[in-house]
Amino acid sequence: MSWIKNVRIEYAREEIAKNTVVTKTKPIALNIEGGIIKEIAESVPEDNKDIVDAKGYLALPALADNHIHLDKGHYGGKWHAVVPMGRVAERIEEEQGFLRDFLADTPQKAQALIDLITGKGATFLRVHVNVDPTIELENLSIIKEVLEENKHKLDYEIAVFPQHGTLKTEEKGLLSKALEDDHVKIIGGLDPATIDGDIEKSLTTTFHLASKYKKEVDIHLHDRGSLGIYEINRILDYTIEYNLQGKVQISHGFALADISGEELEGIAKRLKDAQVAINTTVPIDIPALSIPMLKKYGVNVHVVNDNINDHWSPFGTGDLIQRASRAAEVFSMTDETSLSQALGLVTKGITPFNNEGNPTWPSIGDKANILFVKAESSAHLIGRVCPDRVVLFKGNFVSGNFK
């Protein structure tokens, strides 16, 4: 049993003038036991000796990165800019040329990325790992070991990702073999039309394997326009056919940025009904899908890191708060309430207040996965991307120091 004193939490919003809302905070003490919040008190009992002073830092839910690649990157090694290319297929061809050479340095690079992302406040990672005809299951073996070594500071899910094509990869039985591993929770996929060249065969293969091995599905969809929308609709059809509602996600979904009005509303309703979530980096070099519209219709949207300094992009800081801040900026989420709710984009929807403005976090019984920040409110954190942070995972401090 241990106590953390001088913690601040958000407890109310107050309208101090027309259209002007402020967040109210108050000091509390948290009693943590067994990785759970056991008590929320005004102060620490006098006879307690095991006390940490949070020095007025604001407590917020820890962050979750719902889409990150820890393999095949440059971060943690020598700097490399990106070789200009125009198509996903060209990137895959480039990748085939270096994957085997990268294997020796993958453990240290994966660890460097984990340290970066968790140091910014993430305690959950959904990790996509290449399984392909070039290196087969070797990346999976390496990344699985690195993640197990970091179980003291994060929870994780592994998605096996057939970057070079679902059909080509499964021709060698590689996906089936990978899915036999209990550490693997998700089967990935990639552009059924432009990479696999056969939408129905690709999706049938993916969903059949998910059903056979009792896994979830996460399809990376870059295809744009009417083709991408058709693929999304077919993914939704397969989700319902295989009774995988709540177990399917679409990453990127760029085509959702190419539609609006009734067409987007219709897709949003279908996504909600099938409980299919969307993962997005909020791209700024192409139109970003409408997070506000999707959220309006009850679609779960996660803002993610995806790739950080690899052969796809030289950019990325590993900071999910910065990503959420970008989402808020792109969609003009500038008022106190909107900024505060933007935090939910990087916490799997957990925020201090619900949509009705009622306080919901923290509560007794919640997991003691907490991001302590030197900020006045969650809105302040999103707007300013405040850098001073301390991370608590399952009741243990794993990053940062109270200053």
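Me: I'm looking at helix α7 in this model. How far apart are Asp-237 and Arg-234 in the helix?

Reply: They are three residues apart in helix α7, so about one helical turn separates them. Keep in mind that this is a predicted model. As a general idea, side chains of opposite charge can pair when their charged atoms come close. Here, the side chains of Asp-237 and Arg-234 do meet in a salt bridge, at 2.7 Å from N to O. Asp-237 is partly exposed, with 29% relative accessible area.

Me: Which residue does Arg-224 pair with, and what does that pair tie together?

Reply: Arg-224 forms a salt bridge with Asp-258, and their closest N and O atoms are 2.6 Å apart. Arg-224 sits in the loop between β10 and α7, while Asp-258 sits in the loop between β11 and α8, so the pair ties together parts 34 residues apart in sequence. Arg-224 is partly exposed at 32% relative accessible area, and Asp-258 is partly exposed at 34%.

Me: Now the strands. Which residue forms a salt bridge with Glu-216?

Reply: That is Arg-126, with the closest N and O atoms 3.3 Å apart. The pair links distant parts of the chain: Glu-216 belongs to strand β10 and Arg-126 to strand β7, 90 residues apart.

Me: Is Arg-126 buried or exposed?

Reply: Arg-126 counts as buried, because its relative accessibility is 2% and the cut-off for buried is under 20%. Its partner Glu-216 is partly exposed, at 25%.

Me: Which residues are linked with these two in a network?

Reply: Glu-157 and Asp-218 join Arg-126 and Glu-216 in a network of salt bridges. Across the whole structure, a search finds 18 salt bridges.

How values were computed:
Residues are numbered from 1 along each chain as its sequence is written. This is a predicted model: local features need pLDDT of at least 70, side-chain atom pairs count only at pLDDT 80 or more; totals for chains, interfaces and linings use all residues. Side-chain values use heavy atoms; hydrogens and water are left out. A salt bridge is a side-chain nitrogen of Lys or Arg within 4 Å of a carboxyl oxygen of Asp or Glu. Helices (H or I, at least four residues) and strands (E, at least two) are DSSP runs, numbered from the N terminus. Buried means under 20% relative accessible area, exposed over 50%, partly exposed in between (1.4 Å probe, protein chains only).
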